[in-house]
Amino acid sequence: MKIECITIFPEMFAPLEHSIIGRAQKNELFSFNTIYLRNFAVNEYGQVDDSPYGGEPGMVLRPEPLARAIRSTHVKEDGGKVIYLTADGVPLTHKIVSDLSKESHLVLVCGHYKGIDERIREDYVDMEISIGDFVVSGGELPAMLLTDAVVRLLPGALGHKESGDTDSFAQGPLGWPVYTRPEVFEGKSVPEVLLSGHHKRISEWRTAESLKRTKERRPDIYEKLQIDTKFGTQ
């Protein structure tokens with residue numbers, strides 16, 4: 001897989017050189033590249049933005065640099081996808097991440113200021129993704145989050161593939177509580193069932209705790225699980 005990010009702040013992506021994502025790059029499970037948008041500027045001063053038509057405050061990334069930057073990746077010829085990270089995109093889900101992990105080439109467009117010219121969104125962008133109902137200063141942090149989420153699903157990225165299979169959202173509900181040594185910490189003990197060695201009881205406990213946590217913290221997901229179970233779609 002190839003992932004490329006179009007940005008005016010390529011230095012922000014240093015965290016992707018570490019941990020699971022860094023190892024995945026070293027093991028050549030995927031390649032990552034930043035594309036400096038100012039290399040495609042409209043003038044010698046490196047201009048890539050301008051004031052919006054209509055008179056509202058703020059700036060907008062111009063279409064010419066973005067179009068040239070996207071075309072330079074040859075993502076369309078590769079059959080890949082161009083993704084724009086934006087607060088008004090569709091909410092990022094495990095299903096979307098899983099689908100994107102099967103792509104061969106992703107180009108992530110990192111917006112800034114008031115966003116990017118709408119004509120780029122209409123003619124060049126394949127998907128628009130939001131990481132939550134809030135606004136951050138630019139698309140770099142969302143792009144890193146999306147990259148991390150996608151790469152960890154690539155075969156070989158995790159030391160134990162089964163670890164990802166039991167993450168929150170991977171099978172629908174949130175994950176269950178987990179414990180490790182010591183058995184007693186500050187007067188609180190590990191649940192007895194986890195020490196029993198009884199695999200069926202442990203599995204039942206995990207399922208119950210997972211559903212309990214989902215009901216308490218994400219009632220929207222819990223309700224959907226109940227509907228899916230009722231109609232046999234899960």
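Helices in this account are DSSP runs of H or I at least four residues long, and they are numbered from the N terminus. Just after one of them, helix α2, His74 takes a positive phi of about 60°. The model in which this residue sits is a predicted one, and the paragraphs below go from the whole chain to the surroundings of α2 and then to a single loop residue.

Taken as a whole, the protein chain has eight helices and nine strands, and its C-alpha atoms fill a box of roughly 70 × 40 × 40 Å when this is taken along the principal axes. Of the 234 residues in the chain, 38% are buried, while the exposed area of the chain comes to about 14,300 Å², with carbon and sulfur atoms supplying 52% of it. Among the contacts with a separation of 6 or more, 74% are between residues 24 or more positions apart. As for charge, there are 28 positive and 35 negative side chains, and the centres of these two sets lie 6 Å apart.

A useful place to enter the fold is strand β5, which covers residues 81-91 and pairs in the parallel sense with strand β6, residues 105-110, over five bridges. Within this pairing, Leu85 has Cys110 of β6 as its bridge partner. Helix α3, residues 94-100, belongs with these two strands, and β5, α3 and β6 together make a right-handed β-α-β unit. Strand β5 also runs parallel to strand β7, residues 127-130, to which five bridges join it; here the bridge partner of Pro91 is Ser130 in β7.

Helix α2, residues 63-72, brings several further elements into the picture, since its buried residues, namely Pro65, Leu66, Ala67, Ala69 and Ile70, pack against β1 (2-7), β2 (31-36), β4 (60-61), β5, β6 and α4 (118-123). Strands β5 and β6, the parallel pair described above, are thus among the packing partners of α2.

The last stop is Ser51, which is found in the loop between β3 (49-50) and β4. Is Ser51 buried or exposed, or does it fall in between? Because buried means under 20% relative accessible area and exposed means over 50%, Ser51, at 48% relative accessibility, counts as partly exposed. Leaving aside the neighbours within four places in sequence, Ser51 is in contact with Gly58 and Met59. Ser51 and Arg62 are 11 residues apart in sequence, and their C-alpha atoms are 9.2 Å apart in space.

Definitions and conventions
Residues are numbered from 1 along each chain as its sequence is written. This is a predicted model: local features need pLDDT of at least 70, side-chain atom pairs count only at pLDDT 80 or more; totals for chains, interfaces and linings use all residues. Side-chain values use heavy atoms; hydrogens and water are left out. Buried means under 20% relative accessible area, exposed over 50%, partly exposed in between (1.4 Å probe, protein chains only). Contact means heavy atoms within 4.5 Å. Accessible areas come from the Shrake-Rupley method with a 1.4 Å probe; for residues, only the protein chains shown count as cover. Lys and Arg count as positive and Asp and Glu as negative; His and the chain ends are not counted. The place of a charge is taken as NZ of Lys, CZ of Arg, CG of Asp or CD of Glu. Two strands pair if DSSP finds at least two bridges between them. A crossover is right-handed if, with the strands pointing away from the viewer, the path from the first strand over the helix to the second runs clockwise.
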